[in-house]
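The following exercises concern a predicted model. Please work through each task before reading its solution.

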Amino acid sequence: MGFKSRIPTNKIAPFREPPTAGAPAPTHVIADSGDTAECGVPAANFVRCFAKWRDEALKKPVFVTNHGRVTHALVGIDQFVSMTEAPTTAEVEANPFELAEWIDEAVIICDKHLVVQTMNRVASATCCISAPQCVGRNLYECLPQLRGTLYEVNLMRTVEANEPTSADIPSPLRQDGWLRLQTFPLHGCNVLMFRDITEEVERHRLADVKAALIEAMAVHNAIGYVRVGVSGMIERVDQPFCDLLGVPEERLCGARLVDLVSRETRVAFKTDLEEAMAGHGSRRVVARFLTNRGTTDDLLAAIVQLRGAYGAEGAVILLTSVNLASDRAPDGHIGWH
């Protein structure tokens, strides 16, 4: 004989712990599709009554639960669009010229009327004026020294013709200085970007002078030019030095300079060369060089350390024949034997 419980199973209420003080109220899970309170919807109920919850989602979000845990949220399309448009709005409102502060060149941005919109820290340092003093004012009111210069010429080409320019110009901000200037239109503004290249120009000038001196020595035809690396190997020679020794250039390049000196003066010449390359001062020595003619020739050598951007790179040696040099004549001119 079977036993039947008199207590309906559907009347048994689940045990719930009392909420603690200050804790958020637990999400109410809908057991009946007719319950329309703000709550979480079980997944099974959500599927069965999708049309109902779809309409509810147009008014407020509907949270879908799985085993009592909220896993999804159903929202209306208008609310979804507003959520996705928020980052885009922030990007539009961001200043597109904030990158200028991270550029290591001077940047000034003006509108079409040349009113300064922004100026980065490098421009402030180069122009010796702070950005707050310039922003909102006309460029030439802040920096009157730019008027009538090539700076203004390049800028006006961009303002009037919407044309980008690039040029190396004398600096209106520094005496005997040079600037590398770029101007271009961007987002309805005119951007000026420049940097000081005075040191670069000076290096180019020195390089041009050096090339001219080497060419002049070749025309002179009595001054030999030799450049050696830190290992003492010949890297470059000129034609007069080749003529002094009677050896072609291709055979001299890559050879050790001290090997071209006769044995009796080789040790002294090597010592002077190494001391000059080590930075202990320039040297003026007389050394006896071996020639391809089977003879020796006494040459007066001036040895100077060659320094580059990263330190010593060897030495430069100028050589003349001792037989051509003579004592000074009484009138101060050099005599030739």
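**Exercise 1.** Determine whether F50 is buried, partly exposed or exposed.

*Solution.* The relative accessible area of F50 is 38%. Buried requires a value under 20%, and exposed a value over 50%. F50 is therefore partly exposed.

**Exercise 2.** Classify F46 in the same manner, and then describe how the rings of F46 and F50 are arranged.

*Solution.* Step one: F46 has a relative accessible area of 15%. This value is under 20%, so F46 counts as buried. Step two: the ring centres of F46 and F50 are 5.5 Å apart, and the angle between the planes is 90 degrees. Centres within 6.5 Å make a pair, and planes over 60 degrees apart make it edge-to-face. F46 and F50 thus form an edge-to-face aromatic pair.

**Exercise 3.** Characterise the aromatic pair of Y151 and F194, and state where its two members lie in the chain.

*Solution.* Step one: with 5.7 Å from centre to centre and 75 degrees between the planes, the pair is edge-to-face. Step two: Y151 belongs to helix 7 (residues 150-161), whereas F194 belongs to strand 8 (residues 189-196). The two residues are 43 residues apart, and the pair links distant parts of the chain. Step three: Y151 is buried, because its relative accessible area is 0%. F194 is also buried, with a relative accessibility of 0%.

**Exercise 4.** How many aromatic pairs does the model contain, and which residues do ring pairs link into a cluster?

*Solution.* The count comes to 4 aromatic pairs. The cluster consists of F241, F269 and F289.

**Exercise 5.** Establish the strand order of the open sheet, and identify its edge strands.

*Solution.* Step one: 5 strands form the sheet, in the order 10-9-13-12-11, with antiparallel pairing. Step two: each edge strand pairs on one side only; these are strand 10 (234-237) and strand 11 (283-290). Step three: neighbouring strands of the sheet are turned by 30 degrees against each other on average, direction ignored.

**Exercise 6.** Describe the pairing of strand 9 with strand 10.

*Solution.* Strand 9 (residues 224-228) and strand 10 pair in the antiparallel sense over 3 bridges. Within this pairing, V228 stands opposite I234 of strand 10.

**Exercise 7.** Which strands does helix 8 lie across, and which does helix 11 lie across?

*Solution.* Helix 8 (residues 198-220) lies across strand 9, strand 10 and strand 13 (311-321), and runs at about 135 degrees to strand 9. Helix 11 (residues 263-277) lies across strand 9, strand 11, strand 12 (296-308) and strand 13, and runs at about 140 degrees to strand 11.

Conventions:
Residues numbered from 1 in each chain as written. Predicted model: local features only at pLDDT ≥ 70, side-chain atom pairs only at ≥ 80, totals over all residues. Heavy atoms only, no water. Pairing = 2+ DSSP bridges. Helix = DSSP H or I, 4+ residues; strand = E, 2+ residues; numbered from the N terminus. Axes fitted to C-alpha atoms, helices over the stretch in contact; angles between N-to-C directions. Contact = heavy atoms within 4.5 Å. Phe/Tyr/Trp six-rings, centres within 6.5 Å; stacked < 30°, edge-to-face > 60°. Buried < 20%, exposed > 50% of the residue type's maximum accessible area, 1.4 Å probe, protein only.
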